Amino acid sequence: MKVIVFCLALTSTLTACTAGPTPEPSETSTTRSAEPNTESPVPTKRAPTSSNATFNGVEFDVAFSFDYPATWTVTNTGPPNQEGGPFVVSNESGAEIASLHLQPQFSAYPCERVCGDMAVSYLGEVPGQGMLGDKTYVIQTKAMDLTSRKDLQKANRWEDNVRLIVGVVGNPSTAQQEDPSHFTTLAGIDVPSNSSPLRPIIFAAYRHFETMTEAKAYTSSNEHAQIQEMMRSLMATAVTGTPTTTATPTGPH
């Protein structure tokens, strides 16, 4: 039986499915940091803590925001004049922590590479504090072990035996019954658009480990907790406007 799953083609992250050949990142791409723009329409946000900053963005016809540790940075690493990002979140040392990417539409593709013969381990789930349009979401952590499948590791360009994903699961969701055919994490918001009734939002962090034991241990780390809290603050709503991004450090109120 041919397995059909939903996949999104991202150049910044690799899922277990693909929409076709994935282009390699260009070494000549210009990195664009967020520029202040106080007139940007953004979703209503909760008051962040004194140690947080807030990132506001408008891409395609979606305004979004999320809170993150004030010592981290958010940079739009997409090519100039291209909407959707990806927006890379880096820690104080400059290492990539997670990335957020908006897609123009949602599409279906046949499953390739990692499919239904490999098990997925579910390592935790916490509810989101924000909304995607009028929908709720959760933050899901899961991992796949390809220790016995070096061929699939190479095909998917994994850095080690086990891949762990922390990410926003919204509408459509990555439900347990869909895995392992659909080893990815994504969210979506319904917006009034002539081109697509759904704008997928991928907010995810990928880690690689030698063993599943190490992957499970990571879920008790401070970094994992910080990523969960950052993703839990995501809010998105449909708007009409020009793509803009604003990083807003915030202190005690």
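**Exercise 1. Determine which residues Met 231 touches, leaving out those up to four places away in sequence, and place Met 231 in the nonpolar packing of this predicted model.**

Step 1. With contact taken as heavy atoms within 4.5 Å, and with residues up to four places away in sequence not counted, Met 231 touches Ala 98, Tyr 137, Ile 139, Val 166, Gly 167, Val 168, Phe 203, Ala 204 and Ala 205.

Step 2. A nonpolar core is a set of buried Ala, Val, Leu, Ile, Met, Phe, Trp, Tyr and Cys residues joined through side-chain atoms within 4.5 Å, where buried means under 20% relative accessible area, exposed over 50%, and partly exposed in between (1.4 Å probe, protein chains only). The largest such core has 37 residues, and those that touch the most other members are Phe 66, Leu 100, Val 168, Ile 201 and Met 231.

Step 3. Apart from this core lies another, of 12 residues, with Leu 146, Leu 152, Phe 183 and Tyr 206 among them. In soluble globular proteins, nonpolar side chains tend to be buried together.

Before going on, note that residues are numbered from 1 along each chain as its sequence is written, and that side-chain values use heavy atoms, with hydrogens and water left out. Because the model is predicted, local features need pLDDT of at least 70 and side-chain atom pairs count only at pLDDT 80 or more, whereas totals for chains, interfaces and linings use all residues.

**Exercise 2. Describe where Tyr 137 lies and which backbone oxygen atoms lie by the polar atom of its side chain.**

Step 1. Helices (H or I, at least four residues) and strands (E, at least two) are DSSP runs, numbered from the N terminus; Tyr 137 lies in the loop between strand E9 (120–127) and strand E10 (138–145).

Step 2. Tyr 137 is buried, with a relative accessible area of 4%, and its C-alpha atom is separated by 6.8 Å from that of Val 168, 31 residues apart along the chain.

Step 3. A polar atom of the Tyr 137 side chain lies 3.3 Å from the backbone oxygen of Met 231, and a polar atom of that side chain lies 2.8 Å from the backbone oxygen of Arg 232.

**Exercise 3. Work out how strand E10 is joined to E9 and to E11.**

Step 1. Two strands pair if DSSP finds at least two bridges between them. E9 and E10 run antiparallel and are joined by seven bridges, while eight bridges join E10 to strand E11 (residues 162–169), again antiparallel.

Step 2. Met 144 can be followed through both pairings: in E10 it is the bridge partner of Val 120, and its own bridge partner in E11 is Arg 163.

Step 3. E10 is mostly covered, since six of its eight residues are buried.

**Exercise 4. Assess how the predictor's confidence varies along the protein chain.**

Step 1. pLDDT is the predictor's confidence in each residue, from 0 to 100; the chain has a mean of 75, and 64% of its residues reach 70 or more.

Step 2. Confidence is lowest in strand E1 (residues 4–6), at a mean of 35, and highest in helix H2 (residues 212–218), at 98.

Step 3. Over residues 1–50 the pLDDT is below 50, although this stretch has 118 contacts in the model beyond near neighbours in sequence. Over residues 249–253 the pLDDT is also below 50, with 10 contacts counted in that way. Where pLDDT is low, the predicted coordinates should not be read in detail.

Notes
A polar contact is a pair of N or O atoms within 3.5 Å; within protein, one must be able to donate a hydrogen and the other to accept it, and residues adjacent in sequence count only if both atoms are side-chain atoms.
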